[in-house]
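The following exercises are to be worked with the sequence and the structure at hand. Each task is followed by a solution in steps.

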Amino acid sequence: MTGKLGPKALLEYHARPYLRLPAVTPLRFRQPMLRTSRRGFLRQAGAAAMLLPIGAVWARSSERRSLSLVHTHTGERLSTVYFEGNQYLASELTRINWLLRDFRTGDVHPIDPAVLDILADLRTLADRDGAYEVISGYRSPKTNAELHRRSSGVAEHSLHLEGRAIDVRLPGFPTERLHEFALGMRRGGVGFYPSSDFVHLDNGRIRHW
Ligand SMILES: [Zn+2]
């Protein structure tokens with residue numbers, strides 16, 4: 001099996017609940033539906049774990065996670081396999097951290113790999129393998145304070161300050177659909193900025209705006 005897992009394979013290996021949920025509008029995508037399906041999901045996940053064939057165990061241990069990024073402000077591009085076998089690749093994370101630095105101040109900060117995994121899985125769900133356009137990755141306290149002063153859309157204690165958030169769009173894929181998929185993943189905060197055409201993704205508390 002190649003390293004790129006399709007949505008079906010991801011479902012089998014991770015049995016993540018969001019993959020079972022239909023793509024619906026955010027308004028209809030509310031807690032009650034998730035709560036009622038939770039028990040069923042856990043039952044299915046348990047059954048799936050018992051039925052995993054030997055081949056699946058091998059496939060999981062050889063998992064590769066890849067990303068392509070282009071930063072809209074610096075024009076820098078990166079295509080990387082940042083996770084292989086059973087580990088994150090430090091040298092690739094370093095390259096990613098550099099691309100996602102605060103381009104205004106030059107400050108580099110580690111980006112939480114969980115955010116990268118959200119991006120990788122979201123791209124798989126969208127069935128795209130092109131590069132994300134990055135609007136904002138890490139933000140230094142100085143930059144965030146300046147942006148917060150200028151725009152009510154920038155939170156004072158943004159997770160961008162911790163390297164746990166990213167603002168992206170996926171060229172060729174409607175950003176509102178990307179937003180719906182991200183909501184369905186339930187892996188953290190999701191914000192939609194239609195006028196600027198991007199989604200904010202973070203691995204903090206599950207919430208949306
Ligand atoms: Zn953001």
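Two strands are said to pair if DSSP finds at least two bridges between them. The model used here is a predicted one.

**Exercise 1. Determine which residue of β2 stands opposite Leu69, and describe how β1 and β2 are joined.**

Step 1. Consider the pairing of the two strands. β1 and β2 run antiparallel and are joined by eight bridges.

Step 2. Locate the partner. Opposite Leu69 stands Leu78, a residue of strand β2.

Step 3. Examine the connection. The two strands form a hairpin with five residues between them. In its turn, Gly75 has a positive phi of about 80 degrees.

Step 4. Continue to the following strand. β2 is also joined to β3 (residues 87-88), by two bridges, and these strands run antiparallel. The hairpin between β2 and β3 passes through one residue, and Phe83 has Tyr88 in β3 as its bridge partner.

**Exercise 2. Decide whether Leu78 is buried, partly exposed or exposed, and list its contacts.**

Step 1. Recall the cut-offs: a residue is buried with 20 or more other C-beta atoms within 10 Å of its own, and exposed with 12 or fewer.

Step 2. Apply them. Leu78 has 18 C-beta neighbours inside 10 Å and therefore counts as partly exposed.

Step 3. List the contacts. Residues up to four places away in sequence being left out, Leu78 touches Ser68, Leu69, Arg95, Ile96 and Leu99.

Step 4. Add a distance. Leu67 and Leu78 are 11 residues apart along the chain, and their C-alpha atoms are separated by 7.9 Å.

**Exercise 3. State the order of the strands in the sheet and name its edge strands.**

Step 1. Count the elements. The protein has seven helices and eight strands.

Step 2. Write down the order. The open sheet of eight strands reads β3-β2-β1-β4-β5-β7-β6-β8, and its pairing is mixed.

Step 3. Identify the edges. β3 and β8 (207-208) each pair on one side only, and they are the edge strands.

Step 4. Illustrate the mixed pairing. β1 and β4 pair in the parallel sense over three bridges, whereas β1 and β2 run antiparallel. Leu69 has Tyr132 as its bridge partner in β4.

Step 5. Place two helices against the strands. α5 lies across β1, β2, β3, β4, β5 and β7, at about 90 degrees to β1. α7 lies across β5, β6, β7 and β8, at about 20 degrees to β7.

**Exercise 4. Describe the largest nonpolar core and find the element that supplies the largest share of it.**

Step 1. Begin with a general tendency. In soluble globular proteins, nonpolar side chains tend to be buried together.

Step 2. Give the extent of the core. The largest nonpolar core has 31 residues, and those with the most contacts inside it are Leu119, Val168, Ala182 and Leu201.

Step 3. Find the contributors. Among the elements that each supply at least two residues of this core are β1, β2, α5 and α7. The largest share, seven residues, comes from α5.

Step 4. Look at one member in detail. Beyond its neighbours within four places in sequence, Val168 is in contact with residues including Leu119, Tyr132, Ile135 and Leu201.

**Exercise 5. Compare the settings of Asp127 and Asp197.**

Step 1. Recall the general rule. Most residues other than glycine have a negative phi.

Step 2. Read the angles. Asp127 has a positive phi, near 60 degrees, and Asp197 likewise has a positive phi near 60 degrees.

Step 3. Locate the residues. Asp127 is found in the loop between α5 and β4, and Asp197 in the loop between β6 and β7.

Step 4. Assess exposure. Asp127 counts as exposed because 9 C-beta neighbours lie inside 10 Å. Asp197 counts as partly exposed because it has 14 such neighbours.

**Exercise 6. Identify stretches of the model where the pLDDT is below 50.**

Step 1. Start from the whole protein. The mean pLDDT is 81, and 70% of the residues reach 70 or more.

Step 2. Find the stretches. Over residues 8-43 the pLDDT stays under 50, and the model has 30 contacts beyond four places in sequence for them. Over residues 45-59 the pLDDT is also below 50, with seven contacts beyond near neighbours in sequence.

Step 3. Draw the consequence. Where pLDDT is low, the predicted coordinates should not be read in detail.

Notes. Residues numbered from 1 in each chain as written. Core = buried A, V, L, I, M, F, W, Y, C linked by C-beta atoms within 7 Å. Helix = DSSP H or I, 4+ residues; strand = E, 2+ residues; numbered from the N terminus. pLDDT = per-residue confidence, 0-100. Axes fitted to C-alpha atoms, helices over the stretch in contact; angles between N-to-C directions.
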